[in-house]
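Visitor: I'd like a close look at one small part of this protein, and then a sense of what sits around the rest of it. Could you take me through it slowly?

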Amino acid sequence: MMIDVRQVSHPDAVSGYDTAALRQHFLVERLFEPGKVLLTYSHVERFVIGGATPRSDALKLESDKATIGSPNFLDRRELGVFNIGGPGKVIADGETYVLGHRDALYVAQGTKDVEFLSDDPDAPAKFYLLSTPAHARYETKVVKIAEAKAMPLGDQATANKRTIYQMIHPDVVKSCQLVMGMTELAEGNIWNTMPCHVHDRRSEVYLYFGLPADARVVHLMGKPEETRHLVVADGQAIISPPWSIHSGVGTRAYTFIWGMGGDNIDYTDMDMVAMDQLR
């Protein structure tokens, strides 16, 4: 298991970042490598962003004294797991949870042992992981994509026709502070979250996937009056601090997993940014 650490960046400092610095601080490029668990620890909300890609052998989620600071990874944390690969299983404290493509699992705070397995090593599961600190324990639960709360939004005329699937969400499964779901753009649509917003009371992480190797998403970030952008490939994630907008436009349709942590679990808590404010 490998852990990369990202420090918090002040918005005034970000104004002077070049492309390399923006990517270093806000883009998580390495998540899914066969036979590995790759983690990034962000001091923004103390998110841990990761990927587990088991082949023939199970992969174990381990703690790390320098970052997590407790004997077990989930002693004081909760975890969301989304499978964006082939069918697989998560074993949590001896219980087996089956995850098909685009299914999710909420893993409760206090869980001691978490392992990841693929049904077929030649078509491995790709488990996307997002974890936040937690002060309360709720039930570990699978959320099948068919059981998610689906919200159709957008319009073909504005190229943002999409479906939002709320999965780790108060209407679906209880959590402490972690809120997660998936947004799938309809074919021929390329924009997400525009008009955009910020939410100073929460931070967010985006994982973009479902893109061919030659496709990209241009992710917009930064203060509304001083925007920046990052070019993102399939299977890469963005750390979005609370002061930053988070929106994207692709060279073709794509899907992304959004995850939030902060002072509340209100999905609608956002401060809209008018189009004429953007620079």
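Visitor: Let's start with one cysteine: is Cys196 buried or exposed?

Guide: Cys196 is buried, because its relative accessible area is 0% and the cut-off for buried is under 20%. Bear in mind that this is a predicted model, so every value here is computed from predicted coordinates. Cys176 also counts as buried, because its 13% relative accessibility falls under that cut-off. As for disulfides, a pair of cysteine sulfur atoms has to lie within 2.5 Å to count, and the total comes to 0.

Just before your cysteine in the numbering there's a backbone feature worth a click. The peptide bond from Met194 to Pro195 is cis, with omega near 10°. Pro195 itself lies in the loop between β16 (191–192) and β17 (197–198).

From there, hop over to Gly248, which lies in strand β22. Gly248 counts as buried too, because its relative accessibility is 0%. Once neighbours within four places in sequence are set aside, its contacts include Ile190, Trp191 and Asn192. The same list holds Tyr208, Tyr254 and a run from β19, namely Val217, Val218, His219 and Leu220. If you want a distance to check in your viewer, the C-alpha atoms of Gly248 and Thr67 are separated by 31 Å, with their positions 181 residues apart along the chain.

Those β19 contacts fit the strand pairing. Strand β22 (residues 247–250) is joined to β19 by 4 bridges, and the two run antiparallel. Within that pair, Val218 stands opposite Val249. Strand β19 (residues 217–223) has another antiparallel partner in β20 (residues 226–232), with 7 bridges joining them. There, Val217 has Val232 as its bridge partner, and a hairpin of 2 residues links β19 to β20. Strand β19 is mostly covered, with 5 of its 7 residues buried. In general, strands of a sheet pair through backbone hydrogen bonds, either parallel or antiparallel.

Now to another part of the chain. An open sheet of 7 strands runs in the order β1-β3-β4-β11-β6-β9-β12, with mixed pairing. The edges are β1 (2–6) and β12 (141–143); each has a single partner strand, so one side of each is left without a neighbour in the sheet. From one strand to the next, the twist averages 20°. Inside that order, β6 (residues 77–83) and β11 (residues 127–133) pair in the antiparallel sense over 7 bridges, and Leu79 stands opposite Ser131 in β11.

Some loops around this sheet deserve a stop. Thr111 is found in the loop between β9 (104–107) and β10 (114–118). Although it sits in a loop, Thr111 is buried, with a relative accessible area of 2%. Its side chain reaches the backbone oxygen of Ala108 at 2.7 Å. Beyond its neighbours within four places in sequence, Thr111 is in contact with Leu74, Ala92, Asp93, Arg137 and Thr140.

If you like odd backbone angles, try two arginines. Arg46, in the loop between β3 (36–42) and β4 (48–53), has a positive phi of about 55° although it is not a glycine. Arg46 counts as partly exposed, at 42% relative accessibility. Arg102, in the loop between β8 (95–99) and β9, has a positive phi of about 70° and is not a glycine either. Arg102, however, is buried, with a relative accessible area of 17%.

Zooming out, the secondary structure comes to 2 helices and 24 strands. Of the 279 residues, 55% count as buried. The radius of gyration is 18 Å, which agrees with the value near 19 Å for a compact globule with 279 residues. The C-alpha trace spans about 55 × 40 × 35 Å along its principal axes. Among contacts between residues at least 6 apart in sequence, 73% join residues at least 24 apart.

Key
Residues are numbered from 1 along each chain as its sequence is written. This is a predicted model: local features need pLDDT of at least 70, side-chain atom pairs count only at pLDDT 80 or more; totals for chains, interfaces and linings use all residues. Side-chain values use heavy atoms; hydrogens and water are left out. Buried means under 20% relative accessible area, exposed over 50%, partly exposed in between (1.4 Å probe, protein chains only). A polar contact is a pair of N or O atoms within 3.5 Å; within protein, one must be able to donate a hydrogen and the other to accept it, and residues adjacent in sequence count only if both atoms are side-chain atoms. Contact means heavy atoms within 4.5 Å. Two strands pair if DSSP finds at least two bridges between them. Axes are lines fitted to C-alpha atoms, for helices over the stretch in contact, and angles run from 0 to 180 degrees between N-to-C directions. The radius of gyration is taken over C-alpha atoms; the globule rule is 2.2 Å times the number of residues to the power 0.38.
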